[in-house]
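Thanks for making time this morning. I would like to walk through one model, starting from its interior and ending with its pockets.

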Amino acid sequence: MRDDELIRRPSLHDELAVRLRRMIVEDELEPGARIKEGELCERFGVSRTPLREAIKVLAREGYIELTPNRGSRVAVLSDKDLREAFAVMGALEGLAGELAASNATDAQIADLLDKHAQMKAAFEQGRRPDYFELNEAIHRSIAEAAGNATLTRLQRSLDGRLRRARYRANLSGARWAEAMAEHAEIADALKHRDGPRLSELLRRHLENKFAALTATAAGDGQAADG
């Protein structure tokens, strides 16, 4: 059998990384929480070796912090860290949008519009996890369609640090609806290959997401004080 005929299956540690990533994004593992390897091994029915490989993957992506002789914990970002990271990501996504409008193939545009349609259906059916995965896929696809490998690497390096925050920003029904409306505009700009408009929409989308996250954090603080 030729190598190109082989069916590729994800490794065990890749599957574990997917599950742990979702647990972190959806707050099942909260910021600062210690990664309890024994409990996770028992839960997933695996040995420590693939679990530790998965933890290393998530550490490289910014989800987990590794401390020598002290194990691992879910990464914690300060307000300043988030503000700075969102500002940089907004600039990167704006540039990606401008480049994608010019460089994307017709097939890439069609794929992005199809993902948008799927995401809209997930929104209308209240399937938040599916919506979020499609949302992330759209942003990654725009970056890839830009055709700039350096830009893609920079975006990926920030993605893990911001994914949980981006998920939390859409927890309110009002913000989720606003985000969906913003994505409808983004899809329209992509369809018409309007680079300047797409760039501005993507930057504003990240700004609005950070503002929603800040408002959510303030509301949580008031609830705790009360």
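**Core, a buried histidine, and two pockets**

Let me begin with leucine 190, which, once its neighbours within four places in sequence are set aside, is in contact (heavy atoms within 4.5 Å) with Ile109, Leu112, Ile142 and Leu198. Before going further, I should say that this is a predicted model, in which local features need pLDDT of at least 70 and side-chain atom pairs count only at pLDDT 80 or more, while totals for chains, interfaces and linings use all residues. Residues are numbered from 1 along each chain as its sequence is written, and side-chain values use heavy atoms, with hydrogens and water left out.

Leu190 is among the residues with the most contacts inside the largest nonpolar core, which has 37 residues; Leu82, Phe86, Tyr131, Ile142, Ile186 and Leu198 are also on that list. By a nonpolar core I mean a set of buried Ala, Val, Leu, Ile, Met, Phe, Trp, Tyr and Cys residues joined through side-chain atoms within 4.5 Å, where buried is under 20% relative accessible area, with a 1.4 Å probe and protein chains only. Two or more residues of this core come from each of helices H4 (79-103), H5 (106-124), H6, H7 (149-169), H8 (173-191) and H9 (195-225), helices being DSSP runs of H or I, at least four residues, numbered from the N terminus. H4 gives the most, with eight residues.

Staying with H6, which covers residues 128-145, we find histidine 139 there. Is histidine 139 buried or exposed? Histidine 139 is buried, because its relative accessible area is 7%. Its side chain and that of histidine 183 are joined by a polar contact of 3.4 Å, meaning a pair of N or O atoms within 3.5 Å, one able to donate a hydrogen and the other to accept it, with residues adjacent in sequence counting only if both atoms are side-chain atoms. Beyond four places in sequence, histidine 139 is also in contact with Glu93, Arg166, Leu202 and His205.

Finally, the pockets, taken by class of lining residue. The lining of the largest pocket divides into twelve nonpolar, four polar and five charged residues, whereas that of the second largest has three nonpolar, four polar and ten charged; here Ala, Val, Leu, Ile, Met, Phe, Trp, Tyr, Cys and Pro count as nonpolar, Asp, Glu, Lys and Arg as charged, and the others, Gly among them, as polar. A pocket is an open set of points on a 1 Å grid over the protein atoms alone, where a 1.4 Å probe fits, with protein on both sides within 12 Å along at least five of seven lines, and lining residues have an atom within 4 Å of a point.

Technical notes
Buried means under 20% relative accessible area, exposed over 50%, partly exposed in between (1.4 Å probe, protein chains only).
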